[in-house]
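The following exercises concern nonpolar packing and charged pairs in a predicted model. Please examine the sequence and structure before turning to the solutions.

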Amino acid sequence: MNGIEIKIATRENANEIAELGKVAFRHFFENENNRTELLEYLNTAFSREHILTEFEALNNVFLLAVKDNQLQGFARLWEDKNHYAPDDSLKMERLYIWPELVGSGLGALLMQSSIDFTAQNKYVNLWLQVLRPNERAVSFYRKWGFEYFHESPGKFEGDNEIDYWMKRSV
């Protein structure tokens, strides 16, 4: 994409990661059934303090898409040692962009950068969780070669939804 640079975040990027994460998550996931739970989650999961703790996770990295010194999107990758997770894998915990940039190719750039980073660091698989009714995201991940391997309850009880777990080899 024109003028977009992929960088690895430092702790100094925590505020802008938190801000973008909060806006994107709310835009894509808020509904009348989960509003109370979601607002509580946003204030915790996307606080500066929480983002700083994520920097301490095993083999954690935030890949930032930056244009003209402005954060456009990010992907968080880390080594989640979950017993359902594939061996030798990184988890893509988030792939968030500003809502108005959806469809611009920025998500594809972050996905390719995440796949490249995973392979360059000698991991075999990249995996993620996606909310089942998020058909646009499920379709995006399938297009990138991700396949279902597990499912679990979604993040918010009010949704009564299921997360698909998807993986692909790199």
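**Exercises on charged pairs and packing**

At 28% relative accessibility, Glu93 is classed as partly exposed.

**Exercise 1.** Determine which residue forms a salt bridge with Glu93.

*Solution.* The partner is Lys91, with the closest N and O atoms 3.3 Å apart. Lys91 has a relative accessible area of 6% and is buried, since buried means under 20%.

**Exercise 2.** Identify the network that arises from salt bridges with shared partners, and describe the pair formed by Glu54 and Arg94.

*Solution.* Glu54, Arg76 and Arg94 are joined into one network. Within the pair, the side chains of Glu54 and Arg94 meet at 2.8 Å, N to O. Glu54 belongs to helix α3 and Arg94 to strand β4, 40 residues apart. Glu54 is buried at 6% relative accessibility, and Arg94 is buried at 4%.

**Exercise 3.** Explain which parts of the chain the salt bridge between Arg11 and Glu56 ties together.

*Solution.* The two side chains meet at 2.7 Å, N to O. Arg11 lies in the loop between β1 and α1, and Glu56 in the loop between α3 and β2, so the pair ties together parts that are 45 residues apart in sequence. Arg11 is partly exposed at 39%, whereas Glu56 is exposed at 58%.

**Exercise 4.** Establish which element supplies the largest share of the largest nonpolar core.

*Solution.* This core has 26 residues; Met92 and Met111 are among those that touch the most other members. Elements that each supply at least two residues include β4 (89–97) and α4 (106–120). The largest share, five residues, comes from α4.

Methods: Residues are numbered from 1 along each chain as its sequence is written. This is a predicted model: local features need pLDDT of at least 70, side-chain atom pairs count only at pLDDT 80 or more; totals for chains, interfaces and linings use all residues. Side-chain values use heavy atoms; hydrogens and water are left out. A nonpolar core is a set of buried Ala, Val, Leu, Ile, Met, Phe, Trp, Tyr and Cys residues joined through side-chain atoms within 4.5 Å. Buried means under 20% relative accessible area, exposed over 50%, partly exposed in between (1.4 Å probe, protein chains only). Helices (H or I, at least four residues) and strands (E, at least two) are DSSP runs, numbered from the N terminus. A salt bridge is a side-chain nitrogen of Lys or Arg within 4 Å of a carboxyl oxygen of Asp or Glu.
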